[in-house]
Each structure stands twice: as structure tokens, then as C-alpha cells.
Amino acid sequence: LIAAVILVFSSFAILISPKTLVVVLGMLITWVVMIRATQDGPIKLGPIEISRKAASMIWLVICGVVAFFLLKSVFFVTVGSASILAILHAWTRDASKHMQTSLVNEEVKSEAFVEMSGTDPVV
């Protein structure tokens, strides 16, 4: 749940900042160009041939570093707000119905043990 909230907050942060939006769109376009360039085989850069898998891994690292530095300003805001929402949810959640189900399941297991073994379970 917290990961989904962080994703939503990060998406809103990306959409609010024009600089971030432009950089993310640029990375998306370069991914499409890289995939199309390696569609027919490896990319040849002089004597070096780079396969699609290697190019994808290299570009993944580059995009990861760019995204880290680009989103570091909103990272703590998104993680902080998601954490606050998760804590509020945990604090206000009514878990009593789950506790009753757990107790009933334990009683059923205990009765099954008595029937199978013929002895009383150790409490």
C-alpha cells in the first residue's frame, strides 16, 4: 500500500514540475530510440558491438542516476507523506474483526488436534 501511495505522490510531483516532466519525456524518447536502434541487431560503435541487453542495462543505469538526482527534491516529501498516511491508516484501522477470526481459527486447529491425536493440546 505504501509503495502505491509513493508512486501516486511521485507521479503528481513529476507532473507539477515542468523541468522534471521534460526530462522524463526525454528519457522516454531515448528509450524508444534505443529499442528501435537495437531491433535488427547490436549497435555498432566503431569496433565495439553493443547488444540490446547490454544497451538496455547501460541505459537503465544512466536513467536511474538521472532520475535519482532529478527526483531527490521530491523524494522526502513523497516518502514522508506516504508514511504519515500509512501511520494514520494503521492507527484508525479497526482490526477487531481480524482478531476474532484468528481466535476462531486457533480453536478449530485445537479441536482438530484433539480429534487426530486423542490427547489434549499443550496450552
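The following exercises, with worked solutions, concern the predicted model shown above.

Residues are numbered from 1 along each chain as its sequence is written, and side-chain values use heavy atoms, with hydrogens and water left out. Because the model is predicted, local features need pLDDT of at least 70 and side-chain atom pairs count only at pLDDT 80 or more, whereas totals for chains, interfaces and linings use all residues.

**Exercise 1. Describe the order of the secondary-structure elements and the burial of the chain.**

Step 1. The chain holds four helices and two strands; these are DSSP runs numbered from the N terminus, with helices (H or I) of at least four residues and strands (E) of at least two.
Step 2. Read from the N terminus, the order is α-α-β-β-α-α.
Step 3. Of the 123 residues in the chain, 11% are buried, where buried means under 20% relative accessible area, exposed over 50%, and partly exposed in between (1.4 Å probe, protein chains only).

**Exercise 2. Determine which residues form the nonpolar patch on the surface and which elements give two or more residues to the patch.**

Step 1. The patch consists of Val8, Phe12, Leu15, Ile16, Leu21, Leu25, Leu28 and Val32, with about 750 Å² of accessible area together. Such areas come from the Shrake-Rupley method with a 1.4 Å probe, and for residues only the protein chains shown count as cover.
Step 2. Two or more residues come from each of α1 (2–16) and α2 (18–37).
Step 3. Patch members need over 30% relative accessible area and no salt bridge (a side-chain nitrogen of Lys or Arg within 4 Å of a carboxyl oxygen of Asp or Glu); nonpolar side chains (Val, Leu, Ile, Met, Phe, Trp, Tyr) are joined within 5 Å, and like charges within 9 Å.
Step 4. Val8, in helix α1, has a relative accessible area of 40% and is therefore partly exposed.

**Exercise 3. Establish whether Thr38 is buried or exposed, and which residues it touches.**

Step 1. Thr38 is placed in the loop between α2 and β1 (43–45).
Step 2. Its relative accessible area is 4%, so Thr38 is buried.
Step 3. Leaving aside residues up to four places away in sequence, Thr38 touches Ile43, Arg52 and Ala55; a contact means heavy atoms within 4.5 Å.

**Exercise 4. Characterise the surroundings of Ser51.**

Step 1. Ser51 sits in the loop between β2 (48–50) and α3 (52–92).
Step 2. Ser51 counts as partly exposed because its relative accessibility is 35%.
Step 3. A polar atom of the Ser51 side chain lies 3.2 Å from the backbone nitrogen of Ala54.
Step 4. Between the C-alpha atoms of Ser51 and Gly41, ten residues apart along the chain, the separation is 6.9 Å.

Conventions:
Polar contact = N/O pair within 3.5 Å; in protein donor to acceptor, adjacent residues only side chain to side chain.
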